[in-house]
Amino acid sequence: MPDWKEPSFFAPPEAGGLVSESEYLSLFANTGNKTAIGEASVAYLYTPEAPKKMVDLLGPDLKIIILLRNPVDMAYSLWGHQCQEGVEDLSFEDALNEEQARLQKHAGSKLRDSWIYNYAYTDRARYKKQIEYYDAVFPAHQIHIQIFEEYFIESMPLFKDTCDFLGIEQTFTPDEKIYNPGGKLRFTGIQRFLNESSPLKSVIKPLIPEDFRAGIKNSLTALNKKPAARTPLSQETREMLEKQFDADVRWLEKRLDRDLKTIWF
């Protein structure tokens, strides 16, 4: 796995990832004879064109891992991430009300220099159509779907399951440190400067390698964040969203041949 998490090469350029094929492939230049080589970019699941682009560049024998969270919690977490990035001022409920208007107005572009589909809180939580993008390109044995809430239980059996799917050793003990904890911004203006385009950044950008720039941004973001618990989602909003997502969750149960009611709803 490259040091740069979420290179997002197979997502639209507006997603903020790499756009150069040579830069993307250079992330894996020193992999030698590793058994498994890969990367993780959440934007790929929401990008209809991503699976075919992957095959065109990397061949048809890829293994796809999809890690899914309770869709209500995922939508709320995505909103919280946008707040943390300093690009979302609306409450969660107001943002839900504005979602479709925002997506229509800024389709294929950005809002506050953030990919517009980072504001697709409910649409990105509808997993059926996104999984079908991959089902249409890859055979079922190359797609491995896992449930987020089950991943970190004691002894981490899904980690071993992942190793088995990839054909790699299961003896490695993963680091359980939380690398991207939630919190609140100390200074919203600093975060907006880090996220948004500016003439100064346009001048500096060609002079600094992409991965080094990403590292600087991540470090400054961490310094600008203070620990703070997120306000719990109201029961009324949760129940409303559960009704919206129910059909997708029931479809996923059939796709996985298992009951998700005790884990999600």
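A polar contact is a pair of N or O atoms within 3.5 Å; within protein, one atom must be able to donate a hydrogen and the other to accept it. The exercises below use a predicted model.

**Exercise 1. Place Arg124 and find its polar partner.**

Step 1. Locate the residue. Arg124 sits in the loop between β3 (114-115) and α5 (127-135).

Step 2. Look for a polar contact. The side chains of Asn118 and Arg124 are joined by one of 2.9 Å. That value falls within the 3.5 Å cut-off.

Step 3. Look for a charged partner. Arg124 is buried but has no salt bridge. Its nearest side chain of opposite charge belongs to Glu6, 6.6 Å away. A salt bridge needs a side-chain nitrogen of Lys or Arg within 4 Å of a carboxyl oxygen of Asp or Glu.

Step 4. List the surroundings. Leaving out residues up to four places away in sequence, Arg124 touches Val42, Ala43, Tyr46, Met74, Leu78, Trp115, Tyr117, Asn118 and Gln130.

**Exercise 2. Describe the setting of Asn118, the partner of Arg124.**

Step 1. Find the element. Asn118 is in the loop between β3 and α5.

Step 2. Classify the accessibility. Asn118 counts as buried because its relative accessibility is 17%. The cut-off for buried is under 20%.

Step 3. Add a further polar contact. The Asn118 side chain also meets that of Ser114, at 3.2 Å.

Step 4. Add the wider contacts. Beyond four places in sequence, Asn118 touches Leu78, Gln82 and Arg124.

**Exercise 3. Decide which partner Glu6 pairs with, and how exposed the pair is.**

Step 1. Find the bridge. Glu6 forms a salt bridge with Lys5, with the closest N and O atoms 2.8 Å apart.

Step 2. Grade Glu6. Its relative accessible area is 28%, so Glu6 is partly exposed.

Step 3. Grade Lys5. At 56%, Lys5 is exposed.

Step 4. Put the bridge in context. The whole structure holds 13 salt bridges.

**Exercise 4. Work through two further salt bridges. How far apart along helix α2 are Lys52 and Asp56?**

Step 1. Take the pair in α2. Lys52 and Asp56 meet in a salt bridge of 3.0 Å, N to O.

Step 2. Check the spacing. The two are four residues apart in helix α2 (residues 50-58), so about one helical turn separates them.

Step 3. Grade both ends. Lys52 is exposed at 51% relative accessibility. Asp56 is exposed too, with a relative accessible area of 56%.

Step 4. Turn to Asp123. This residue forms a salt bridge with Arg126, and the closest N and O atoms are 3.9 Å apart. The value is within the 4 Å cut-off.

Step 5. Grade this pair. Asp123 counts as buried at 13% relative accessibility. Arg126, at 23%, counts as partly exposed.

**Exercise 5. Name the members of a salt-bridge network.**

Solution. Asp246, Arg250, Glu253 and Lys261 are linked in one.

**Exercise 6. Analyse the packing of α5 on α11.**

Step 1. Set the geometry. The axes of α5 and helix α11 (residues 235-256) come within 9 Å and cross at roughly 35°.

Step 2. Name the residues. From α5 come Tyr127, Lys128, Ile131, Glu132 and Asp135. From α11 come Asp248, Trp251, Leu252 and Arg255.

Step 3. Sort them by type. The contact of α5 with α11 has four nonpolar residues, no polar ones and five charged ones.

**Exercise 7. Characterise Lys110.**

Step 1. Assign the element. Lys110 lies in strand β2 (residues 110-111).

Step 2. Grade the accessibility. Lys110 counts as partly exposed, at 32% relative accessibility.

Step 3. Relate sequence to space. Lys110 and Glu14 are 96 residues apart along the chain, yet 6.5 Å separates their C-alpha atoms.

Step 4. List the contacts. Outside four places in sequence, Lys110 touches Glu14, Trp115 and Ile116.

**Exercise 8. Which sign does phi take at Ser155 and at Asp257?**

Step 1. Recall the background. Most residues other than glycine have a negative phi.

Step 2. Read Ser155. Its phi is positive, about 75°, although Ser155 is not a glycine. Ser155 lies in the loop between α6 (148-151) and α7 (157-166). At 52% relative accessibility, Ser155 counts as exposed.

Step 3. Read Asp257. Its phi is also positive, about 55°. Asp257 lies in the segment after α11. At 70% relative accessibility, Asp257 counts as exposed.

Note on methods
Residues numbered from 1 in each chain as written. Predicted model: local features only at pLDDT ≥ 70, side-chain atom pairs only at ≥ 80, totals over all residues. Heavy atoms only, no water. Buried < 20%, exposed > 50% of the residue type's maximum accessible area, 1.4 Å probe, protein only. Lys, Arg positive; Asp, Glu negative; His and termini not counted. Contact = heavy atoms within 4.5 Å. Axes fitted to C-alpha atoms, helices over the stretch in contact; angles between N-to-C directions. Nonpolar A, V, L, I, M, F, W, Y, C, P; charged D, E, K, R; others polar.
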